[in-house]
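Subject: Structure handover

Dear colleague,

I am passing on the structure we discussed. Please look through it alongside the notes underneath.

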Amino acid sequence: MDETLTPQERKKVLVVLLSSLFTALVAVSIINVALPSIQAGLGATSTDLQWVLSGYSLTFGIVLVAAGRAGDLLGRERLFIAGVAIFGLFSLIAALAPNAIVLNIARAFMGVGSGIMNPQTTGIIQQYYRGGDRARAFGIFGAVVGFAVAIGPVFGGAIIGWFPVDVGWRWTMGINVPLSLLSIVLALMWLPKTPRSKGMKHDLDPIGAILLGLAVLFTMLPFMLADEHPGAWWFLLLGAIIGISWFAWEQHYRMVGRSPMVNLSLFRFRSFTLGTAMITVFFAGTTTIWVIIAQFVQEGAGQTALIAGMVGLPAAILSVYTSYVSGRLVMRYGRWLVVIGLVLNMIGLALTVAAAFAIMNGAPVWLLTVSVLPIGFGAGWITSPNQTLTLREVPPNYGGTAGGIMQTGQRIGTAMGTAAVTALFFSHVSAGYDVALLWGFGLIMIFMTFALIIALYDAIRGRGEDSV
């Protein structure tokens, strides 16, 4: 534990980090309920709406690792404040957007700001917390994530209901502006200042940053464009070629005595490599669960968007509780806690499929509220403990870079899973929404199975090494 900070000072640091994280996550979850209002208010096309969602995710994923590296070298609090400022500024532009083009450009830059800010959050926690305190900090981190995901759609629906059609969606983005200003003020007051290095050159490895950014871009693009442009799948090949070029460049950069953007020795840590792989596969499945449930409730069961959001609310709240508790349990159970969480998620998937068929045969839609509880309960055992375990061997000076790599994996997994699962779901809608849900959840179950295999392998290989 960094002795330069008292326990009270560390609490203030956590408040700053998590308040900004909450704002960024609500901006992601709130947009789903705002899409119909955006379409009505701006006359947006379906392609415009797709880019409202995917433009943010795309730019977010591209800058993560480079931003983490820059924070490690230049001072995480400086990059954190810069990211929050960019996010807040372009939230204002998005709220005032006169058309869909301006909105999508603003959303893309909001993703840049969030992508700069997020790796600093994990890096600063990594820097100032150790052992059990770090585990508990990441537990609170996970609880904030769960709460933001739960409250975003409900909060957004309330805002949209209060205002006229062309105003409500603007406030779902405009609310980020005062929250971002507050975060900046608190950061200037409470975040420890990194001393400025005089006469020292920082090796940011710009070529490595550009190559990795392009590799991520061309890997994610096909999953966002392929529905309308099947030829976009060729971007995957280009992404793979650029990715290999990036790897070769980083090796060359290290061999000539320079400091590469990503220290590839990070992947020698079993916990980091397997934890990153597991969370990538997990996100390929988990992020589409609520999309499919919302479609089933509204289109299949004929219920309102508000009911669709409320169905998953108890499960989301439960994940807040288990995320917090997992910060204490992870020290005792290690990677086995993640294994239990994945098994619970798979049980919840099976129960939800059974509930969907029962609902289409006359059962009340609220049956879903019960069936998804294991998913919410299990989610708290997965994300936060995995964060703690994956970063536990990473040196603090690489905390931002490592956090950026993890989150980049999550973004790529999300893009791949969303494209594959939703395509499979909608291709079977003609047979009934319960049948479509069965197919979609079947593919999600496959992703969960692979994540479980990785977690089991790590747990068995660890043989008790996972105590933090």
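The notes below go through the salt bridges, the cores, one helix glycine and a surface patch. Please keep in mind that this is a predicted model.

Salt bridges

The structure holds six salt bridges. I describe some of them here.

Arg-335 is the residue I would look at to begin with. Arg-335 belongs to helix 14, which covers residues 335–359. Its salt-bridge partner is Asp-458, with 2.9 Å between the closest N and O atoms. The two are 123 residues apart and link distant parts of the chain, since Asp-458 sits in helix 18 (residues 433–462). Is this pair buried or exposed? Arg-335 has a relative accessible area of 2%, so it is buried. Asp-458 is at 1% and therefore also counts as buried, the cut-off for buried being under 20%. Arg-270 belongs to the picture as well: salt bridges with shared partners join Arg-270, Arg-335 and Asp-458 into one network. Arg-335 has a further side-chain partner in Asn-386, through a polar contact of 2.5 Å.

Another salt bridge lies in helix 5, between Arg-136 and Asp-133, with an N to O distance of 2.9 Å. These two residues are three apart in helix 5 (residues 131–162), so about one helical turn separates them. Arg-136 is partly exposed, with 31% relative accessible area, and Asp-133 is partly exposed at 25%.

Glu-77 and Arg-78 also form a salt bridge, and their closest N and O atoms are 3.8 Å apart. Within this pair, Glu-77 is buried at 6% relative accessible area, whereas Arg-78 is partly exposed at 24%.

Nonpolar cores

The largest nonpolar core has 74 residues. The residues with the most contacts inside this core are Ile-38, Phe-80, Leu-103, Ile-125, Met-173, Leu-191 and Phe-272. Helix 1 (residues 7–42) supplies the largest share of the core, 13 residues. A second core, separate from the largest one, has 51 residues, including Ile-293, Leu-337, Val-353 and Ala-356.

Which residues does Ile-38 touch, if those up to four places away in sequence are not counted? They are Ile-31, Gly-43, Ala-44, Leu-49, Val-52, Leu-103, Trp-169 and Met-173. Of these, Leu-103 and Met-173 are also listed among the residues with the most contacts inside the largest core.

Gly-152

Gly-152 is in helix 5. With a relative accessible area of 0%, Gly-152 counts as buried. Beyond its neighbours within four places in sequence, Gly-152 is in contact with Val-26, Ser-29 and Ile-30. As a reference distance, the C-alpha atoms of Gly-152 and Gln-410 are 20 Å apart in space, while the two residues are 258 apart in sequence.

Surface patch

On the surface, Trp-162, Phe-163, Val-167 and Trp-171 make up a nonpolar patch. Together these four have about 440 Å² of accessible area. Trp-171 is located in helix 6, residues 165–174. The relative accessible area of Trp-171 is 43%, which makes it partly exposed. That value is over the 30% needed for a residue to enter a patch.

Regards

Note on methods. Residues numbered from 1 in each chain as written. Predicted model: local features only at pLDDT ≥ 70, side-chain atom pairs only at ≥ 80, totals over all residues. Heavy atoms only, no water. Patch = residues over 30% accessible without salt bridge, like charges linked within 9 Å, V, L, I, M, F, W, Y side chains within 5 Å. Areas by Shrake-Rupley, 256 points an atom, 1.4 Å probe, with all protein chains shown as cover. Salt bridge = Lys/Arg side-chain N within 4 Å of Asp/Glu carboxyl O. Helix = DSSP H or I, 4+ residues; strand = E, 2+ residues; numbered from the N terminus. Buried < 20%, exposed > 50% of the residue type's maximum accessible area, 1.4 Å probe, protein only. Polar contact = N/O pair within 3.5 Å; in protein donor to acceptor, adjacent residues only side chain to side chain. Core = buried A, V, L, I, M, F, W, Y, C linked by side-chain atoms within 4.5 Å. Contact = heavy atoms within 4.5 Å.
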